[in-house]
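Student: I have a model open and want to go through it with you. Can we start with how you decide what counts as covered?
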Amino acid sequence: MKKSMPQRIGLGVIGVFAALLFGFPTYWLFTTSLKTPGQVLSPEYDLLPSSATFANFTSALTKPGFFTFLSNSLIVTLGAVLCALVAGVLAAVPLARMRFRGRKGFLLLVLVAQLAPVEALFIPMYLLMRDAGLLNTLPSLLLVYFATTLPFTVWMLYGFVNGIPYDLEEAAMIDGCSRAGAFRRVTLPLLGPGLVTTSVFSFITAWNEFLFALVFMRDQSKQTLPVWLSSFRTAFSVDWGGVMAASVVYAIPALVFFLIVQRKLVSGMTAGAVKG
Amino acid sequence: MKPWLKLAAGAAAITLATAGCAGSGGTDPGAAASSAPKGDGTLTVWLMTGSAPTTLTDALNKEFEDAHQGVKVKYEIQQWNGIQQKLTTALSGGDAPDVIEVGNTQTPFFASSSVLSDLSGSVNDLNGAQWLAGLKASGEFEGKTYGVPFYAANREVIYRKDMFEQAGITTPPASRAEWLDAITKLKAKFGSDPDFQALYLPGQYWYSLLSFIWDEGGDIAKADGKSFKATLDSPGAKAGLEFYKQLVEASGTKAPKDNDEANPQQAGIYGGGKAAMFIGTPGEVATAAKTDPSITAKTGAFAIPSKTAGQSAPVFLGGSNLVIPLNSKDQALAKDYLKLLSGAKYQSQLAKAGYVPGTSTDVSGLDADPLSKVMAAASKNGRAVPTSPRWGDVESGQNPLKDMLTAYLTGKKTLDQATSDANAALDKLIGG
Amino acid sequence: MPAGATPPASPRVSSPSPRKRLRIGERTVPYLLILPALVSILVLLGWPTLQLLGISLRKLDLRELVSGQMVWVGFDNYTTTLTDPQFWEITVRTLVFTTAIVVATLLVSLFLALLMRHLGPVIRIILQVTLVLAWATPVIATTTVFQWMFDQQYGILNKTLDRLGFHGFIGYSWFSSGTSTLTVIGLLILWQAVPFVTFTLYAGLLGAPKEHYEAAGIDGANPWQAFWAVSWPAIRPIMTMVTFLSVLWDFKVFAQVWAIRQGGPDGESTTLPIYLYLKGVAGSHFGTSAAVATLMLLVLILLTARYVQLLVRTKEGDLS
């Protein structure tokens, strides 16, 4: 579709405006992380910061254990995302492409599993992990995050696989591909955008979880970043500058993860176009 | 029925039948104690973040380990966020920590749940005669002692000495009248600056309200046998609330009426240099100094004035107790640890760190710092919130005192309406 | 990765019709494929949920949790909750609140997804990055930042409105009533909910073959017509899906509502998850909290039953 110049400019302006609107709270968080406690909320009109201090970042990053927590978080989160994606794709394909007894029941289960009140499950989950002897180990968290994101992942991927015309796979099979081969060469690349949105979602859900991490991990050396983030609060005060600086640092892995996978968003698309 | 469905239904039936047993929270404490070797050589101690300084705990743990051959202290710092859930699960397991710090307003809840060891027999070993009265009550339940006072802090009026001097105030206010008078003088001197506020006082600062209510001879609730009855509609409580409003109006504070002292952080505002006073703990000045390092030298403190000249108003004691969980496997060792900590040596170190010590009346360690000295003197008149096991619901949940303050200060409700609504709400939470 | 784990199937060149009778080995293929997901869901979610039902019939306070006592109370936890007039008021409020956020989320996201489809790469990526940041920022930070932005005296919003000439906003309190508080909370939730829905819809739009747009363009269809003819069919299934998911999430959202005003003032912004927390978790009354959670689950099932039914029926049909 060709667009005229004024149209393009108009769209661009709307796009920039939307970006400003959505970016503002993040921007505000960022500028706050550069402020001293007295500047956080001050009578001055400070839409643009007049001065900046990196003291908050220094104090946040030199807080003991940051890198341990970071690596714990990465292990648990990436592990859960990967497991959910593998199990999700495996389940989504037969759901969308095959007909078998119990398919409807499984579909229903996946749907209903998403209604589960995960926060209220913390006592039963705790007991489950305790009986399994997994308390205070990273796999217990990995399992919880895997479980909480799995139904969603299956469901989303099922939708995406369904959206890819079966004719394409058929055509490949006529060209001599095995069923698995046809799936790998045709459907999987087209599934790119779907995998990206689902994995970003799972990543962020697991990355932000606090309660289970706090309760399951007794040893400090096994805590994750959200728990670390809340350690800026003591009985009598909260180091808000530190919290904001830490939050900025904390959002970076999620952003990096997105930037890595977002290329897939485009390449998956073009790959689909070429094959299609 | 389809085979898989049959299977699922069977599994569900079994689950339902056993849900109860499996869902039980843990093993019988006796069994847990016998199955694990007694005294496995580790004493697990959980203190809260921002409590005793590391210099103290390092020395304490070392001395304890030296005195107990083969015992290792596993010292861990816990956070306030989610502490209730963390403690709940930790106490239920067979491997509960041996010594835990619990906030004083939370202690009655744990003490009343039969999950803590009865320390009544050890009170004398733990310097019981010198326990801080305001904390002591929170660790007691039905005549038994479960919590040992650890430390406390209380609020005072923190002020700018230089501004007071410029406004011609020579001695810190020692009565409400003098306090209001000081506010008038400060406003006369600095009022031309639109951002100036003589006193920073946020609308929902209910700890300050407690002082004013107690000073009027009122209280927020009264013990009635085993239960509690809210008394926010009593004349004393109403008078305290009225004085709060008087302060807010006289001081021209720009603090939000719909938020508390933590949002925005009052010490940050004070650090901005446009406020002459705020009500806070000495520790908050350090936060202010992050904005303006020179402010520490310009800061002084006086006790929250009473309506009776020459006295100071009662203050709320915020702090912690130490408890031993019933599920701890090393009760004797844990008691030894408490004994060491409650001794004069470490209590004086606590005082030097700026806390009112829990098991020692010797507060001379606080005298070195003028702000702490004022706090220590005022702490003698320290009081606690009602020792209801359900008080935690008030503080962690929807605090009726905060709603009452906002409604009255903004004029949304009259004094009578605000107090009677809050009274009903408080009764619903802790009454009966 | 996933395809590699698929057991090799013989090429079925003639007809891929699933109705064709398959050999035993092939018949087990779908079961093997769904096995990991099935087992995980049953063990890690199903089992705890059943336990939750069991707990809802018990008195399980801290005392019972520690001592391991079993105190069965029948339906007491349910009757207490159901006879609490507050519960019903809060349920209605939660439903209205959820509906408002879901509708707003969908409209904003659809708009943004369509916008992205037509933006140049630079502005599109900028917009996408702001969305990801909104999404990835930890809740503890976003709730605080929102409180500061809306602060009565020092908030940037009131200060800006004042500068723009709306002097009535000096000292305006955004948290004086339940409705106003819920609006601010709603904006916060919306801000963090929109990114996911937008990306999902955008991915769906990319799935719509470009040629179709070109065909529509050649036919002289205006953008509105092109949207209904090409984009809408491509994203309609995804739209139903994200509606369903948004309902689930927005109904269950706790952290944001709690952090802003703990459900105040005077409990006027209390939603069901807050109610659950206050009545159950805060005082370690896990029996009550399990009962409230079960009731919430029932409300959710009622809310989505028709959708689930519809979905399963049509999806079951689409293969035959």
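Tutor: Sure. A residue is buried if 20 or more other C-beta atoms lie within 10 Å of its own. Keep in mind that this is a predicted model.

Student: Which helix of chain C is mostly covered by that count?
Tutor: Helix H13, residues 272-281 of chain C. Ten of its ten residues are buried.

Student: Which residues are buried in H13(C)?
Tutor: C:Leu272, C:Pro273, C:Ile274, C:Tyr275 and C:Leu276 are on the list. So are C:Tyr277, C:Leu278, C:Lys279, C:Gly280 and C:Val281.

Student: And chain C as a whole, what percentage of its residues is buried?
Tutor: Buried residues make up 48% of its 320 residues.

Student: How many helices and strands does chain C have?
Tutor: 14 helices and zero strands.

Student: What about contacts across the sequence in chain C?
Tutor: Take contacts between residues at least 6 apart in sequence. Of these, 67% join residues at least 24 apart.

Student: Back to H13(C). What sits in the loops on either side?
Tutor: C:Pro265 is in the loop between helix H12 (255-261) and H13 of chain C. A cis peptide bond joins C:Gly264 to C:Pro265, with omega about 0°. The loop between H13 and helix H14 (286-317) of chain C holds C:Ser284.

Student: What is the phi of C:Ser284?
Tutor: About 55°, a positive value, although C:Ser284 is not a glycine.

Student: Is C:Ser284 buried or exposed?
Tutor: Buried: C:Ser284 has 27 other C-beta atoms within 10 Å.

Student: Why flag a positive phi or a cis bond at all?
Tutor: Most residues other than glycine have a negative phi, and most peptide bonds are trans.

Student: What turns up in chain B on that front?
Tutor: One of each. B:Asn263 and B:Pro264 are joined by a cis peptide bond, with omega about -10°. B:Pro264 lies in the loop between helix H10 (235-251) and helix H11 (266-271) of chain B. Then there is B:Asn127, with a positive phi near 65°. Its loop runs between helix H5 (107-111) and helix H6 (133-136) of chain B.

Student: Why does B:Asn127 count as buried?
Tutor: Because B:Asn127 has 21 C-beta neighbours inside 10 Å.

Student: New topic: helix packing. At what angle do H5 and H11 of chain C cross?
Tutor: At roughly 145°. These are residues 85-118 and 223-252, and their axes come within 10 Å. The crossing is right-handed.

Student: Which residues meet there?
Tutor: From H5(C), C:Thr94, C:Thr98, C:Ile101, C:Val102, C:Thr105, C:Leu106 and C:Leu114. They meet C:Ser231, C:Thr243, C:Ser246, C:Val247, C:Asp250 and C:Phe251 of H11(C).

Student: How do the residues of that contact divide by type?
Tutor: Six nonpolar, six polar and one charged.

Student: Now between chains. How many residues does the contact take from chain B and from chain C?
Tutor: 37 from chain B and 34 from chain C.

Student: Which helix gives the most on the chain B side?
Tutor: H1(B), with seven residues. The elements that give two or more are helix H1 (3-23), helix H4 (83-92), helix H16 (391-396) and helix H17 (400-409) of chain B.

Student: And the make-up of that side?
Tutor: The residues of chain B that touch chain C divide into eleven nonpolar, 19 polar and seven charged.

Student: Last one, chain A. What domains is it divided into?
Tutor: Domain 1 (5-56) and domain 2 (64-232). The C-alpha centres of these domains of chain A lie 34 Å apart.

Methods
Residues are numbered from 1 along each chain as its sequence is written. Chains are lettered from A and ligands numbered from 1 in the order in which they are written. This is a predicted model: local features need pLDDT of at least 70, side-chain atom pairs count only at pLDDT 80 or more; totals for chains, interfaces and linings use all residues. Domain bounds come from an automatic or database domain assignment. A residue is buried if 20 or more other C-beta atoms lie within 10 Å of its own, exposed if 12 or fewer, and partly exposed in between; C-beta atoms are placed from the backbone. Helices (H or I, at least four residues) and strands (E, at least two) are DSSP runs, numbered from the N terminus. Two residues are in contact if their C-beta atoms, placed from the backbone, lie within 7 Å. Ala, Val, Leu, Ile, Met, Phe, Trp, Tyr, Cys and Pro count as nonpolar, Asp, Glu, Lys and Arg as charged, and the others, Gly among them, as polar. Axes are lines fitted to C-alpha atoms, for helices over the stretch in contact, and angles run from 0 to 180 degrees between N-to-C directions. A crossing is left-handed if the near helix is turned anticlockwise from the far one by less than a right angle, and right-handed if clockwise.
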